[in-house]
Amino acid sequence: MSNLAPSTHSRNDIDPPKNSARQRTTLEVVGRPKPEKIRVELNIEKWPGIWQPAKSKNKPQLRVFEREITLEDGGKITARLEVSFNHLGTLTTAERRMYGALIKQWEDDGKRATPVFFSDRQLARILGKGWGTNVIDSTTKSLRKLRTVAIEWVNAYYDTAGRVVRSRQPMTLLSELKIIERAEDGGAVNSAKGYFRFDDTLLSNLLGNHTKPLFLEFLDIKTDIGLLLYGHLDLILANKYRYERCTKELFEDLGLQNPDYRFMNKRKRALEMSMKELVGRRISTGVIVAATIEKTQDKKDYKIVVEKA
């Protein structure tokens, strides 16, 4: 079992002495922290529509996504993903962040096949959140949704050998979850600890390296669409330096289903802040150096143009 207790070191224990210019200079050069990466499951990354924007005003409902895929023998089939909902809602970008934090916790704990222990404070640190009752509530809710909201892959889930599973593959991303909440003097909950375990099929792919790298700093992205777009671009730009996509098709790729997005100006407005937020961000194969929105040649839509260095 990993020691999940917060570090007891003070800043004086790890900061260089202020009276030594030589030592301070050495630590600034040698001790510069490397960006942290995690390895996320590839099927999940290829279907960003799993995660509805957390601030979406759409009512929870069954969300269905389809695309045509080509098999090894050259044949084509329709791949289908169904994302359910329950009394807690559907899976959103808040759960996308929590899923990333759980991957980080799982990796730090040795990538075990058995349940992994966690504390809400530790997850909050990974997520870069402050501390308080609202954080405890939101953390607990996201964990419960990852355990209870079902998704179903129909001719869409690839195994560790890279073969599509030609059947229905239902799952919840967590197969086990236990949360023990504690409160002082019968008041509000002030801490929560427990354990989790990923779905067996998901865990098999994680252990079998059917994964891709992802910088953990994606958790710093503020906008919901920016979060979805970052993961999409990290995947698409793996083997290219420039990417263009009309916003209508892009929103279909990302699973964005707000009725307002029927209008190209609404799509443009929704993208503007997110595109600015992505410029200068590292992805697993480089850095996003430009991200613009332009009118298409026929003037019937806008398109995004993203460049990597």
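1. Start with a cut-off. Buried means under 20% relative accessible area, exposed means over 50%, and partly exposed covers what lies in between. Arg-242 has 30% as the value of its salt-bridge partner Glu-307 and 41% as its own, so Arg-242 counts as partly exposed. Glu-307 falls in the partly exposed class as well. Note that this is a predicted model.

2. The bridge between these two residues comes next. The side chains of Glu-307 and Arg-242 meet in a salt bridge, at 2.6 Å from N to O. Glu-307 belongs to strand β13 (residues 302–308) and Arg-242 to strand β10 (residues 242–246). The two are 65 residues apart, so the pair links distant parts of the chain.3. To put point 1 more plainly: the 30% belongs to Glu-307, and the 41% belongs to Arg-242. The link in point 2 is simply a statement about the chain: the pair joins distant parts of it.

4. The strands of that pair sit in one sheet. This open sheet has four strands in the order β10-β13-β12-β11, with antiparallel pairing. Its edge strands are β10 and β11 (282–283), and each pairs on one side only. Two bridges join β11 to strand β12 (residues 286–295). Ile-283 has Gly-286 in β12 as its bridge partner.

5. Two lysines lie over tyrosine rings. Lys-308 is over the face of Tyr-241, 4.6 Å from the ring centre. The charged end of Lys-268 sits over the ring of Tyr-302, and here the distance to the centre is 5.5 Å.

6. Now look at the hairpin of β2 and β3. These strands pair in the antiparallel sense over eight bridges. Five residues lie between them. In the turn, Gly-74 has a positive phi of about 90 degrees. Glu-66 has Arg-80 in β3 as its bridge partner.

7. Is Glu-82 buried or exposed? Glu-82 has a relative accessible area of 13%, which is under the 20% limit, so this residue counts as buried. Glu-82 is found in strand β3 (residues 76–83). Its side chain makes a polar contact with the side chain of Arg-80, at 2.7 Å.

8. What surrounds Glu-82, leaving aside its neighbours within four places in sequence? The contacts are Leu-62, Arg-63, Val-64, Ala-150, Ile-151, Glu-152 and Arg-168. Two of these names return in a network of salt bridges: Glu-66, Arg-80, Glu-82, Glu-152 and Arg-168 are linked there.

9. How many salt bridges does a search of the whole structure find? The search gives 19. One of them joins the side chains of Glu-36 and Lys-104, at 2.4 Å from N to O. The pair links distant parts of the chain, 68 residues apart. Glu-36 is in the loop between α2 (21–30) and β1 (37–41). Lys-104 is in helix α4 (residues 93–108).

10. The two ends of that bridge fall into separate classes. Glu-36 has a relative accessible area of 42% and is partly exposed. Lys-104 has 13% and is buried.

11. Asp-159 and Arg-163 also form a salt bridge, with the closest N and O atoms 3.6 Å apart. Arg-163 is at 49% relative accessibility and counts as partly exposed. That value is not over 50%, so Arg-163 does not count as exposed.

12. Turn to the aromatic rings. A search of the whole structure finds nine aromatic pairs. Trp-47 and Trp-153 form one that is edge-to-face, with 6.5 Å centre to centre and 85 degrees between the planes. This pair links distant parts of the chain, 106 residues apart. Trp-47 is in the loop between α3 (42–46) and β2 (63–70). Trp-153 is in strand β5 (residues 151–154). Both Trp-47 and Trp-153 are buried.

13. Phe-251 and Tyr-261 form another edge-to-face pair. The centres are 4.8 Å apart, and the planes are at 90 degrees. Phe-251 lies in helix α9 (residues 247–254), while Tyr-261 lies in the loop between α9 and α10 (264–278), so the pair ties together parts that are 10 residues apart in sequence. Phe-251 counts as buried, at 3% relative accessibility.

14. Some rings form a cluster. Ring pairs link Trp-51, Tyr-99, Trp-106, Phe-118, Phe-196 and Phe-198.

Conventions:
Residues are numbered from 1 along each chain as its sequence is written. This is a predicted model: local features need pLDDT of at least 70, side-chain atom pairs count only at pLDDT 80 or more; totals for chains, interfaces and linings use all residues. Side-chain values use heavy atoms; hydrogens and water are left out. Buried means under 20% relative accessible area, exposed over 50%, partly exposed in between (1.4 Å probe, protein chains only). A polar contact is a pair of N or O atoms within 3.5 Å; within protein, one must be able to donate a hydrogen and the other to accept it, and residues adjacent in sequence count only if both atoms are side-chain atoms. Contact means heavy atoms within 4.5 Å. Rings of Phe, Tyr and Trp (its six-membered ring) pair if their centres lie within 6.5 Å; planes under 30 degrees apart count as stacked, over 60 as edge-to-face and the rest as tilted. A charge sits over a ring if NZ of Lys or CZ of Arg is within 6 Å of the ring centre and within 35 degrees of the ring normal. A salt bridge is a side-chain nitrogen of Lys or Arg within 4 Å of a carboxyl oxygen of Asp or Glu. Two strands pair if DSSP finds at least two bridges between them.
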